[in-house]
Structure formats: structure tokens, C-alpha cells
Amino acid sequence: QVQLVESGGGLVQAGGSLRLSCTASGRTFNSYSMGWFRQAPGKQRELVASISRDESTKYADSVKGRFTISRDNAKNTVYLQMNNLKPEDTAVYYCAVGGRIDLAARFVSYWGQGTQVTVSS
């Protein structure tokens, strides 16, 4: 059974940093793309960042220069380093794994359970 377990969320002041982790179990994902989505209350789900199997990365304009996605295939883990956090980054963050990660999440095969990130002003 495949599971994606996220960690690293929490409460932080504006300007602070957090590092999210998502570790997969049940199979290896070296040949898959991985990504992070977020959803704030009353808003649509948003693709934050993605990393392909060859480690090409993409970012939402709102997080470019502040967030960094990376992966460690040996640990079956994807990370999201979030710096200079803003109150508008407050959301539940979900990791996702699939053949491709696009805005509509059409090719996502597995989802994490979500981790809350709250940024206070």
C-alpha cells in the first residue's frame, strides 16, 4: 500500500522559514514527478512547485525566489524549503506524486494527507 507522509508544517511569523518533507512508502518513485499543492480556506487548490524525475523544477510565480523544491530518491522523499514566508502562504500543503505534475493535477496518482502551514503577520 502506497503512503505519502508529510511533516514540517506549523505556525511561523512572517519572514520566517519552514521545511516540509514528504516521504513515500510502499514503492519507489524515482521515475515519477513529485510536487506540492496548497489550498487556503475558500480558495482553489494551487500548484506551488514541482520536480520531475530528472530534477527539473517549476514554481508558482507567487513563490519564486522564496521556495525551493528538492528530492532525495534514496530516501523516497520530496522537500519544500519555504523562506521569507508571508501571511498569504497560509494554507494546507499537500504533496503529490504522479507521472507528471500539472496545474490541474490530472496525472497525480498519490496524495499526502496534508500539513497545515500558518504564517502570522
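**Strand β9 and its surroundings**

In this predicted model, β9 pairs with strand β11 (residues 115-120) in the antiparallel sense, over 3 bridges. One position fixes the register: tyrosine 93 stands opposite threonine 115 in β11.

β9 has further partners. Strand β10 (residues 108-111) runs antiparallel to β9, and 3 bridges join the two. Here valine 97 faces tyrosine 110 across the pairing. Strand β4 (residues 33-39) also pairs with β9, again in the antiparallel sense, over 7 bridges. In that pairing, glutamine 39 stands opposite valine 92.

How enclosed is strand β9 by the rest of the structure? Of its 8 residues (91-98), 6 are buried, so the strand is largely enclosed. The cut-off behind that word is a relative accessible area under 20%. As background, side chains in a regular strand alternate between the two faces of the sheet.

β9 also carries one end of a covalent link. A search of the whole structure finds 1 disulfide. It joins cysteine 22 to cysteine 95, with an S to S distance of 2.0 Å. The angle about the S-S bond is 40°, and the link is right-handed. What does the pair tie together? Cysteine 22 lies in strand β3 (residues 18-25) and cysteine 95 in strand β9, so the disulfide connects parts that are 73 residues apart in sequence. Both cysteine 22 and cysteine 95 are buried.

Cysteine 22 leads on to a loop residue. Asparagine 76 touches Cys22. Its other contacts, leaving aside residues up to four places away in sequence, are Thr23, Ala24, Arg27, Thr28, Phe29 and Asn30. Asparagine 76 sits in the loop between β7 (67-72) and β8 (77-82). Is this asparagine 76 buried or exposed? Its relative accessible area is 10%. Buried means under 20%, so asparagine 76 counts as buried.

The backbone of asparagine 76 deserves a look too. Its phi is near 55°, a positive value in a residue other than glycine. Most residues other than glycine have a negative phi.

Asparagine 84 also has a positive phi, near 50°. Where does asparagine 84 lie? Its place is in the loop between β8 and β9. At 42% relative accessibility, asparagine 84 counts as partly exposed. That class lies between the buried limit of 20% and the exposed limit of 50%.

To recap: β9 pairs with β4, β10 and β11, and the disulfide ties β9 to β3. Asparagine 76 is buried, whereas asparagine 84 is partly exposed.

Key: Residues numbered from 1 in each chain as written. Predicted model: local features only at pLDDT ≥ 70, side-chain atom pairs only at ≥ 80, totals over all residues. Heavy atoms only, no water. Helix = DSSP H or I, 4+ residues; strand = E, 2+ residues; numbered from the N terminus. Buried < 20%, exposed > 50% of the residue type's maximum accessible area, 1.4 Å probe, protein only. Contact = heavy atoms within 4.5 Å. Pairing = 2+ DSSP bridges. Disulfide = S-S within 2.5 Å.
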